[in-house]
Amino acid sequence: MTRVRVTAPRQSAKPAPLRFPYGGEVPEDSDVGRVFVRSLIRSQLRLALVVACGFLLILAAFAMLLVFGPGVAETRILGIPLDWLLLGLGIYPVIGLSAWLYNRAAARNEARYRDLVEDK
């Protein structure tokens, strides 16, 4: 069995330089930066409203199918009413897809914002 002596890091090592995500100034401090931030906020809000409205429309379509679909309320699969299955199992993939699409588009909006700020 050998002994190992643990010491502090080498003194000659240089610390890594600090890297800020943006150039010298904070984006919100300039007029152009404020316009960029306001544009990002508006695009994220618009995206959230579009995704929420689309989800609500799909949910309303499910509800209309259940209300006006002939025989949907009486149909049973393995003893479970079909309307429960549609709402319980059919809506979760829609929720997941909506969340995935929103996340992708929001990341794309933020990447565009970063590109604009870095080119400034």
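**Close-up views of a predicted protein chain**

Leu87 lies in helix H2. The model shown in these views is a predicted one, and the legends below treat the whole chain, Leu87, Asn109 and Leu78 in turn.

**View 1. Overall arrangement of the protein chain.** Two helices and two strands are present in the protein chain. Their order along the sequence is α-β-β-α. The chain has 120 residues, of which 18% are buried. Its accessible surface amounts to about 10,000 Å², and carbon and sulfur atoms account for 65% of that surface. When contacts between residues at least 6 apart in sequence are considered, 71% of them connect residues at least 24 apart.

**View 2. Leu87 and its surroundings in helix H2.** Helix H2, which spans residues 82–119, contains Leu87. This leucine has a relative accessibility of 37%. Because that value falls between the limits of 20% for buried and 50% for exposed residues, Leu87 is classed as partly exposed. Beyond its neighbours within four places in sequence, Leu87 makes contact with Phe62 and Leu66. Leu59 is separated from Leu87 by 28 residues in sequence, whereas the C-alpha to C-alpha distance between the two is 8.8 Å.

**View 3. A nonpolar surface patch that includes Leu87.** Leu56, Leu59 and Leu87 together form a nonpolar patch of about 240 Å² on the surface. Why can Leu87 count as partly exposed? Its relative accessibility is 37%, and the partly exposed class lies between 20% and 50%. Membership of a patch requires over 30% relative accessible area, a condition that Leu87 meets at 37%.

**View 4. Asn109, a buried residue of helix H2.** Asn109 also belongs to helix H2. Its relative accessible area is 14%, so Asn109 is buried, the cut-off for this class being under 20%. Which residues does Asn109 touch, not counting those up to four places away in sequence? The partners are Leu40, Ser43, Gln44 and Leu47.

**View 5. Leu78 in the loop between the two strands.** Leu78 is located in the loop that runs between strand S1 (76–77) and strand S2 (80–81). Although Leu78 is not a glycine, its phi is positive, at about 55°. Is Leu78 buried or exposed? With a relative accessibility of 84%, Leu78 is exposed, since the exposed class begins over 50%.

Notes
Residues numbered from 1 in each chain as written. Predicted model: local features only at pLDDT ≥ 70, side-chain atom pairs only at ≥ 80, totals over all residues. Heavy atoms only, no water. Helix = DSSP H or I, 4+ residues; strand = E, 2+ residues; numbered from the N terminus. Buried < 20%, exposed > 50% of the residue type's maximum accessible area, 1.4 Å probe, protein only. Contact = heavy atoms within 4.5 Å. Areas by Shrake-Rupley, 256 points an atom, 1.4 Å probe, with all protein chains shown as cover. Patch = residues over 30% accessible without salt bridge, like charges linked within 9 Å, V, L, I, M, F, W, Y side chains within 5 Å. Salt bridge = Lys/Arg side-chain N within 4 Å of Asp/Glu carboxyl O.
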